[in-house]
Every structure is written in structure tokens, then in C-alpha cells.
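This briefing covers a protein model with a bound ligand. It deals with the ligand site, the pockets and a few local backbone and side-chain features.

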Amino acid sequence: MIVAIYPGSFDPITFGHLDIIERGCKMFEQVIVAVLRNPNKIPLFTVEQRIEQIRYSTQHLSNVEIASFEGLTVNYARMRQAKVLLRGLRVLTDFEMELQMAHTNKSLMGEIETVFLATSNEYSFLSSSVVKEIAKFGGCVEHLVPKHVAVDIDRCYRKLS
Ligand code: PNS
């Protein structure tokens with residue numbers, strides 16, 4: 001059984017992330033979407049809120065698990081006996097960072113393989129940061145994130161303003 005970990009910030013989950021999760025679920029027996037608890041970043045949503053958003057967005061998938069982790073991704077992969085890290089690639093500029101990350105992870109855990117999926121063309125511009133930027137200035141994000149996430153974002157920015 002091949003277990004893949006899809007690590008990330010997911011602040012918040014977008015249709016781009018969901019596309020990678022859905023396709024990953026067709027390739028691997030189990031996909032663990034792992035939200036990083038990152039003390040160095042001030043997120044829009046707490047880890048618990050993000051987990052809930054991802055859980056709700058992936059209800060239609062039977063082989064997905066949502067979790068959080070701290071520290072090195074490879075340590076979490078080892079603990080979960082996962083041999084694959086799943087990452088999406090949108091544009092060429094992603095590649096440099098992602099390749100460096102894949103090599104770093106490989107240097108720390110020889111048996112880990114990073115599998116890159118090319119993000120579907122329609123989402124190649126999409127990131128959590130883009131979503132937050134649009135929402136901050138009152139723009140509509142309903143075509144970029146699941147409906148319940150758009151509602152959460154709206155509520156969040158209304159509270160902040
Ligand atoms: O969604 P993101 O922010 O692009 O995800 C980045 C993430 C969480 C995959 C990356 O920052 C990560 O793996 N962090 C954990 C620390 C780690 O393992 N570092 C070594 C690899 S560079």
C-alpha cells in the first residue's frame with residue numbers, strides 16, 4: 001500500500017489544492033493531507049479551521065485523511081510510514097523551490113520520493129495568497145475556493161475591517 005503525504009499550509013485550501021488531492025487519491029491507496037503547524041507564520045485561519053475546511057472539501061473522497069504536523073515533513077512521513085510526498089507544480093518559478101525542497105527531503109530520508117503533479121491549467125495562477133489578496137480588497141473568490149471556504153474568508157475579513 002502506497003501512502004502519500006500532501007504537506008502544505010493550506011491557508012486556505014483552494015480549488016488548485018483540491019485538484020491535486022483528487023488526482024492523488026486516484027494514484028495512491030491513501031493520501032494524507034498534512035497541514036504544517038508553522039510558528040513562524042501568522043495565518044488567516046488556525047490549523048483547526050484549516051483542517052475542518054479541508055475535511056469538508058474532501059468528503060467525497062474515501063481514501064483521504066486530514067492531519068497536522070510540526071517540524072520536518074520527512075519525520076512526519078517516517079512516522080506515518082509514507083514513502084511519497086505529493087506536491088503540485090503550477091508555473092516554472094515553482095519548480096526551483098520545489099526541486100530544492102525535494103532534494104533536501106531526499107537528503108534527509110533516502111527512501112522518500114517526491115511526486116509532482118502539474119496543476120490543471122485553469123488553476124495555474126491560483127494560490128492561497130492570491131485568494132487572500134483578492135478577498136482583502138473585497139473581490140469575489142467563489143470561483144477559486146469551495147463555497148464554505150469563501151464564506152469563512154468573507155466572515156474573517158469582515159471581522160478584521
Ligand atoms: O503550502 P506551502 O507553504 O507551499 O508548503 C510548504 C511545506 C509545508 C511543504 C514546507 O515548508 C515544509 O515541508 N515545511 C516543513 C519543514 C521541512 O520539512 N523543511 C525541509 C524541506 S525544505
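The points below are grouped by topic, starting with the ligand.

The model is predicted. Its ligand sits in the largest pocket, and that pocket has a volume of about 1,100 Å³. The second largest pocket has a volume of about 220 Å³.

**Ligand shell**

- The residues around the ligand are P7, G8, S9, L36, K41, G71, L72, T73, R87, M101 and N105.
- By class, this shell holds four nonpolar, five polar and two charged residues.
- Three side chains with polar atoms close to ligand oxygen can be listed by distance: an N or O atom in the side chain of S9 is 2.6 Å from an oxygen atom of the ligand, a polar side-chain atom of T73 is also 2.6 Å from a ligand oxygen, and for the side chain of R87 the distance from an N or O atom to a ligand oxygen is 3.0 Å.
- On its own the ligand has 550 Å² of accessible area, and the protein covers 70% of that area.
- Two elements, β1 (3-8) and α4 (92-108), give two or more residues to the shell around the ligand.

**Largest pocket**

- The lining of the largest pocket consists of 43 residues, and those closest to the pocket centre are P7, G8, S9, R87 and E98.
- Among these central residues, P7, G8, S9 and R87 also belong to the residues around the ligand.
- Helix α4 supplies the largest share of the lining, with nine residues.
- The elements that each supply at least two lining residues are β1, α1 (15-27), β4 (84-89), α4, β5 (113-118) and α5 (128-136).
- Both β1 and α4 therefore appear in two roles, as contributors to the ligand shell and as contributors to the lining of the largest pocket.
- Sorted by class, the lining of the largest pocket has 18 nonpolar, 17 polar and eight charged residues.

**Second largest pocket**

- The lining of the second largest pocket has 14 residues, of which G139, V141, A150, I153 and D154 are the closest to the pocket centre.
- Helix α6 (residues 147-160) gives the most to this lining, with seven residues.
- The classes in the lining of the second largest pocket are seven nonpolar, three polar and four charged residues.

**Loop between β1 and α1**

- F10 lies in the loop between β1 and α1, and F10 has a positive phi of about 50 degrees although it is not a glycine.
- P12 is in the loop between β1 and α1 as well.
- The peptide bond from D11 to P12 is cis, with omega near 5 degrees.

**H148 in helix α6**

- H148 has its place in helix α6, the helix that gives the most to the lining of the second largest pocket.
- A polar atom of the H148 side chain lies 3.1 Å from the backbone oxygen of Q53.
- The side chains of H148 and S57 make a polar contact at 3.2 Å.

Note on methods:
Residues are numbered from 1 along each chain as its sequence is written. This is a predicted model: local features need pLDDT of at least 70, side-chain atom pairs count only at pLDDT 80 or more; totals for chains, interfaces and linings use all residues. Side-chain values use heavy atoms; hydrogens and water are left out. A residue is near a molecule or strand if one of its heavy atoms lies within 4 Å of it. A polar contact is a pair of N or O atoms within 3.5 Å; within protein, one must be able to donate a hydrogen and the other to accept it, and residues adjacent in sequence count only if both atoms are side-chain atoms. Accessible areas come from the Shrake-Rupley method with a 1.4 Å probe; for residues, only the protein chains shown count as cover. On a 1 Å grid over the protein atoms alone, a cavity is a set of points where a 1.4 Å probe fits but cannot get out, and a pocket is an open set with protein on both sides within 12 Å along at least five of seven lines; lining residues have an atom within 4 Å of a point. A molecule sits in a cavity or pocket if more than half of its atoms lie within 2 Å of its grid points. Helices (H or I, at least four residues) and strands (E, at least two) are DSSP runs, numbered from the N terminus. Ala, Val, Leu, Ile, Met, Phe, Trp, Tyr, Cys and Pro count as nonpolar, Asp, Glu, Lys and Arg as charged, and the others, Gly among them, as polar. Grid points are joined across faces, edges and corners, and a volume is the space filled by probe spheres set on the points.
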